[in-house]
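User: Could you walk me through how the helices pack in this model? I'd like to take it pair by pair.

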Amino acid sequence: MTMFFTEWMQYGFMRSAFAAVLLITPLFGILGTMIVERKMAFFSDALGHSALTGIAVGVVLGVSDTNVSMLLFAIVFALLLNMLAGRGIAANDTLISVFSSFSIALGLVILSKGGNFSQYSSLLVGDILSISQKELFYLAAILAVTLAFWAACFNSLSAVSIHRTLAKSRRIPAAFMENLFAVLTALIVTVSIKWVGILIINALLILPAAASRNISQNLREYHFFSILFSMFSGIFGLLVSYFINAATGPVIVIFASVIYFITYSYGSRIQ
């Protein structure tokens, strides 16, 4: 057992990756519960896909740091989706699917022009082993902001999710809360993509919360198990990926998927 820990802990990149997992997974666990409750799985998936277009916009405009263009585009993308969904012109999942398809297609066209897409292909599965100390600080700051947001706005956001009209009658600014949550989601998704990957980030947001929902009896259990399952999947996914020499993100998703199926089976039996 001692050898198990000392073998990977002697590497600086593994220690940094482990710290990143301890910061990212609680974020996903907390955010995922509200995404699942608000039926926003397609929304977070679309945000992940929009990252390619954000990078493409930065390349076209000559932005030196494409992370900035990616984040700004994701925020605009999230607010635009919220605005159109609020008008009720079409079903939310239809709008999100249209925007997501257009976004990823546009990004791929621009970035693949001249056969240069290979330099961006790492974003598809991510690489948490490449995280730096400076980026760890950013993650810690985002986690602190998310916890502060949850403490201040959870009740209002829950009220809007349960009954929007009733929430507005209680003088809760429904549109503002929805936009604020959309911006926070865009921030976390966009910042995490580099280490988690576009293809699987939505799975890491949804699976722990969905697994928690299978067995939780109240909101406290719901949040607790979501964070627990997310952290468990992240930690063991990182360690197993190291020993089998595989990409970390997909291994984490496999652990989260197994937990979901176990909780689904257990939840079905006790109902």
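**Helix packing**

Analyst: In this predicted model, helix α2 (residues 12-37) packs against helix α6 (residues 133-162) at an angle of about 15 degrees, and their axes are 10 Å apart. That angle makes α2 roughly parallel to α6, given that under 35 degrees counts as roughly parallel, over 145 as roughly antiparallel, 65 to 115 as roughly perpendicular and the rest as oblique.

User: What kinds of residues, by class, are in the contact of α2 with α6?

Analyst: The contact of α2 with α6 has 17 nonpolar, 6 polar and no charged residues. Here Ala, Val, Leu, Ile, Met, Phe, Trp, Tyr, Cys and Pro count as nonpolar, Asp, Glu, Lys and Arg as charged, and the others, Gly among them, as polar.

User: And at what angle do α3 and α8 pack?

Analyst: Helix α8 (residues 174-196) and α3 pack at about 50 degrees with their axes 9 Å apart, which means that α3 is oblique to α8. Phe43, Ser44, Leu47, Gly48 and Ala51 in α3 meet Ala182, Thr185, Ala186, Val189 and Ile193 in α8, where a contact is heavy atoms within 4.5 Å. By class, that contact divides into 7 nonpolar, 3 polar and no charged residues.

User: Which residues of α3 and α9 meet?

Analyst: From α3 there are Ala41, Ser44, Asp45 and Gly48, and from α9 there are Ile201, Asn202, Leu205 and Ile206. This contact has 4 nonpolar, 3 polar and 1 charged residues. The axes of α3 (residues 41-61) and α9 (residues 201-215) come within 8 Å and cross at roughly 155 degrees, so the two helices are roughly antiparallel to each other.

User: Switching topic, how many helices and strands are there in the protein?

Analyst: The protein has 11 helices and 0 strands, where helices are DSSP runs of H or I with at least four residues and strands are runs of E with at least two, numbered from the N terminus.

User: How much of the protein is buried?

Analyst: Of the 271 residues, 45% are buried, meaning under 20% relative accessible area with a 1.4 Å probe and protein chains only.

User: Anything I should know about how these values were made?

Analyst: Residues are numbered from 1 along each chain as its sequence is written, and side-chain values use heavy atoms, with hydrogens and water left out. Because the model is predicted, local features need pLDDT of at least 70 and side-chain atom pairs count only at pLDDT 80 or more, whereas totals for chains, interfaces and linings use all residues.

How values were computed: Buried means under 20% relative accessible area, exposed over 50%, partly exposed in between (1.4 Å probe, protein chains only). Axes are lines fitted to C-alpha atoms, for helices over the stretch in contact, and angles run from 0 to 180 degrees between N-to-C directions.
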